[in-house]
Amino acid sequence: MKQITTKQFQVLSDHDIVWNLLVENCAEKGIEANEIKAPFFEYAITSSWLDKRYLYLNRLWFDGDRAVGFAFYENPCSDIYFCLRDGYEELADEMIAYVEEHMRGNDAERTLIFNPQQKALMEAAAKRGYQQCFVNENWVIDFGKAVLDYPLPKGFHLVAPDQADPVKLAICMWKGFDHEDKGPFENWEAEDPGTDWNPQKAWQGVISDVMAPPPHATY
């Protein structure tokens, strides 16, 4: 008999609960199921760009002591993601209702993001008036089947993580995510001016991972 309870997310006590839920859910459904990977959430909550003021709104669902569902935001706060174990599809209506009532964003802003296999959640959202607006494709390499063995272009070389220059890493992130239209990468150690993205956030995102890496980081 299922005994379903809920709990609001607390970062210091529940991080590993979420990590294990996401890992187990992927393992149970297989990599081809395109479920949310555990590093996706950990990277977000340890990044400088995530608005952490609303982490308490993320909610876990339990069957006894076993986590079976999770609803959480990423960036922006109105982008909501879901994890739901097989066999617990009856929770879909409750999860969508919770998100609609408590998560950030008005009706025009709130975006529910599903994987193609999350049929029960998508049907529950449709019943509340949500419509599919776009599709993104995510590609994950299964290293059990593929080996990356490509020569680097002339002038490039690999650097061990503990020898990497964090400023160069921040510049790489700045350029790699096409932020150069926001200006040059300068004054990165100054106080964050509070804009959506700036050199200060790029620098803090890198140096915080160097000084206090996330629990499961594998740099």
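**Reading strands, a helix and a buried charge in a predicted model**

A hairpin of five residues joins strand S3 to strand S4. The model discussed here is predicted.

Q: How many bridges join S3 to S4, and which residue stands opposite Phe72?

A: Strands are read as paired when at least two bridges are found between them. S3 and S4 run antiparallel and are joined by five bridges. Within this pairing, Phe72 faces Tyr81 of S4.

Q: What joins S2 to S3?

A: Five bridges join S2 to S3, and these two strands also run antiparallel. Arg59 is placed opposite Ala71 in S3. The two strands form a hairpin with two residues between them, and Gly64 in the turn has a positive phi of about 65°.

Q: Is S3 mostly covered or mostly open?

A: Burial is judged from relative accessible area, with under 20% counted as buried. By that criterion, seven of the eight residues of S3 are buried, and the strand is mostly covered.

Q: Which residues have the most contacts inside the largest nonpolar core?

A: A nonpolar core is a set of buried residues of nonpolar type joined through side-chain atoms within 4.5 Å. The largest one here has 50 residues, and Phe41, Phe70, Phe82, Met95 and Val99 have the most contacts inside it. S3 gives the most to this core, with six residues.

Q: Which residues of helix H3 are buried, and where do they lie around the axis?

A: One may look at how buried positions are distributed about the helix axis. In H3, residues 92–102, the buried residues are Ala92, Met95, Ile96, Tyr98 and Val99. They span an arc of only 160° around the axis, which means that they are on the same side of H3.

Q: What covers these buried residues of H3?

A: The covering elements include strands S1 (4–8), S2 (59–63), S3 (66–73), S4 (79–84) and S5 (111–113), together with helix H4 (119–127). Met95 illustrates this at residue level: setting aside neighbours within four places in sequence, Met95 is in contact with Trp61, Gly69, Phe70, Ala71, Phe82, Cys83, Leu84 and Leu121.

Q: Where is Glu74 found, and what is the nearest side chain of opposite charge?

A: For a buried charged residue, one looks for a partner of opposite charge. A salt bridge requires a side-chain nitrogen of Lys or Arg within 4 Å of a carboxyl oxygen. Glu74 is found in the loop between S3 and S4. Glu74 is buried yet has no salt bridge, and the nearest side chain of opposite charge, Lys52, is 11 Å away.

Q: Which residues does Glu74 touch?

A: Not counting residues up to four places away in sequence, Glu74 touches Phe40, Ala44, Trp49, Leu50, Asp79 and Tyr81.

Key: Residues numbered from 1 in each chain as written. Predicted model: local features only at pLDDT ≥ 70, side-chain atom pairs only at ≥ 80, totals over all residues. Heavy atoms only, no water. Buried < 20%, exposed > 50% of the residue type's maximum accessible area, 1.4 Å probe, protein only. Helix = DSSP H or I, 4+ residues; strand = E, 2+ residues; numbered from the N terminus. Arc of directions from axis to C-beta. Contact = heavy atoms within 4.5 Å. Lys, Arg positive; Asp, Glu negative; His and termini not counted.
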